[in-house]
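Here is a set of questions and answers about why certain terms apply to a structure, each value being set against its definition.

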Amino acid sequence: MSVTRHLTRGRDFARTAGDHAADMFAPLTLIGRGLRRHAGWTAARWQATPRDKRGPTALLAVAALVGVVLLPHGPILAVAALIGSAAWNGRHPSAPAEPAPDPAEVKLPALYAALTPYLAAPDDLSPLYRPDGGYRDAFDGWSFDADGRLSTLEIGYPAYFTDTESAARSRIEQVVQGKAGRAREYRFDWDQECSTLRVTALAPLPIEVPAQSWVTAPGEIVLGFTDPDATQRRIPVTHGDQPGHRPPVVWRTGPRSAEPHLLALGSARSGTSTLLRTIALQALTHGELLVIDGAGTGDHACLVNRPGVHTVETSLHGAVAALEWAAQETEWRLAALNAARHRGDPAPVEALRPLWLLLDHPTELSELAQAEGRPDPQGLLEVPLRHGRAARVTVVTVETVEAAGRLSPTLRAATRARVVLGDHPASELAAALGMPLDIAPAAQAPPGRGYARIGNQAPVRLQVPATVDPLDEEAPARLRDAVIALLPYHDSRIEAAAPPLPEHQSAAPVDLRKAARPAPLR
């Protein structure tokens, strides 16, 4: 007999034995199913019984059980009745669970009804939106994710709808976001030629990407990360245990940049100081820093006495002296570069090294100067802002959205690279970025989440890397260690210690003016 025949006979024997076993144990399965349903019914009745009536109910049940035991043949009759009742209740197997309702049948009718008052007209003979209408007449191409949330939707609207007015579009976007969920961001693409609105739910950007060395060219600053379709560039990023590539938001600085200065606006705990530290760590690779902490919070104390950092000032007197030195340094650089071009000589190395002026909440120093009757420190930024591109001087300013109106006109006009972080209405975002967004912001944004616009480009979403303050003990240790690893430090083995200052001499920014370039180059 062949092996195949043996296998065939064995398979037939196993199938026959299984059928006989199923027939043999069918009564037991039937009774077991009935007993399980009895137990479920009893538990449900017990849970539904009020607590003050559970004691008497249990007492009556025990009395009935004792009565059955005392009757002649009572236990046998009770068991037989229980088995019969279980067999009767276990006749039919459990009904399958009802399938979950289609999300489209639940959510799209509600969205259609909400849009009807805004997109219907009483004199329309064939209205697309009407109280007794169906959403299939106006909606097309919808999709939902695994959690039943709206992912994409194509909405048609009548041709007479004023889609050229931003107020009318904002009302529709607000209604759609309210019905689809305010916890996510949505992109709205208005096709005015075809009277169609395409709604796309945007995937959340990665948060808590630790600070690290980015693969960029000199003069390029990674502000954060954005959506994959916003840029074609990818850079290596280590996030968690697995490395990968993510799309960055790159700001190009230097003499060939069209946007040499940057203005970042935000709210409390929105991540503007984190953005400033992110820029500072990248700028120290090829340049020098001068930091003005107008808020005086000490968020930039980790940069004090670091190589390449001239000073970190928190007082009005120190900030004014540092900004005066920065203005003189900008003028000296312009003179040195022009003289080198006129003579045909190479430019001095000191004039080619980038200088970064990082200002955190400068309006607070302006208010303090106004209260003391002193000149506004923002006036000292005129020269670096106007001639910074040619002199390789870059100004980065961080301020709150509420105080943006107190910034000097020159500062607002010269900072064509804009970043807005935090939760803000669409009107404030449009005013800060210079153009309306086609993205509806979420109700709540994590720290470092916002939007960026470089020059005349379209605004893009932005998530700033988690460049935490290494002196903040509440921050995660892994994020603090990542920042500490990027901070430059002095090597005492090869660098001589600075001579101590006399007691009558302080470390005021006057030393910056003494450390300026030699007089012949001026």
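The questions below move from the whole chain to single elements and residues.

Q: What should be known about the model and its numbering before any term is applied?
A: This is a predicted model, in which local features need pLDDT of at least 70 and side-chain atom pairs count only at pLDDT 80 or more, while totals for chains, interfaces and linings use all residues. Residues are numbered from 1 along each chain as its sequence is written, and side-chain values use heavy atoms, with hydrogens and water left out.

Q: How many helices and strands does the protein chain have, and what makes a run of residues count as one?
A: The protein chain has 15 helices and 17 strands. Both are DSSP runs numbered from the N terminus, a helix being H or I over at least four residues and a strand being E over at least two.

Q: What part of the protein chain is buried, and what does buried mean?
A: Of the 522 residues in the protein chain, 41% are buried. Buried means under 20% relative accessible area, exposed means over 50%, and partly exposed lies in between, with a 1.4 Å probe and protein chains only.

Q: Why is serine 257 called buried?
A: Its relative accessibility is 5%, so serine 257 counts as buried because the cut-off is under 20%. Serine 257 lies in the loop between strand 8 (248-252) and strand 9 (262-266), where it touches Arg252 and Arg389, residues up to four places away in sequence not being counted. Contact here means heavy atoms within 4.5 Å.

Q: Why is alanine 319 called buried, and which residues is it in contact with?
A: Alanine 319 has a relative accessible area of 0% and therefore counts as buried. This residue lies in helix 8 and, with neighbours within four places in sequence left aside, is in contact with Ile292, Glu313 and Leu365.

Q: Why is strand 13 described as largely enclosed by the rest of the structure?
A: Strand 13 (residues 393-400) has 8 residues, of which 7 are buried, so it is largely enclosed by the rest of the structure.

Q: How do you know that strand 13 pairs with strand 9 and with strand 12?
A: Two strands pair if DSSP finds at least two bridges between them. Strand 9 and strand 13 run parallel and are joined by 5 bridges, and strand 12 (residues 355-360) is joined to strand 13 by 6 bridges, also running parallel. Leucine 265 has glutamate 399 in strand 13 as its bridge partner, while tryptophan 356 stands opposite threonine 394 in strand 13.

Q: What makes strand 1 and strand 15 edge strands?
A: An open sheet is formed by 5 strands in the order 1-2-4-3-15, with antiparallel pairing. Strand 1 (139-144) and strand 15 (439-440) are its edge strands because each pairs on one side only, by the rule of bridges given above. Strand 1 is joined to strand 2 by 4 bridges, with phenylalanine 144 opposite leucine 150 in strand 2. Strand 3 (residues 186-191) is joined to strand 15 by 2 bridges, and tyrosine 186 stands opposite alanine 440.

Q: Which crossing do helix 8 and helix 11 make, left-handed or right-handed, and what decides the term?
A: The crossing of helix 8 and helix 11 is left-handed, a term for a near helix turned anticlockwise from the far one by less than a right angle, whereas clockwise gives right-handed. Helix 8 (residues 316-343) and helix 11 (residues 382-391) pack at about 35°, with their axes 10 Å apart. Such axes are lines fitted to C-alpha atoms, for helices over the stretch in contact, and angles run from 0 to 180 degrees between N-to-C directions.

Q: Why do arginine 269 and asparagine 305 count as exposed, and what is the sign of phi in each?
A: Arginine 269 counts as exposed because its relative accessibility is 79%, and asparagine 305 is exposed with a relative accessible area of 65%. Phi of arginine 269 is positive, near 60°, and asparagine 305 has a positive phi of about 60° although it is not a glycine. Most residues other than glycine have a negative phi. Arginine 269 is found in the loop between strand 9 and helix 7 (272-283), and asparagine 305 in the loop between strand 10 (288-293) and strand 11 (309-313).
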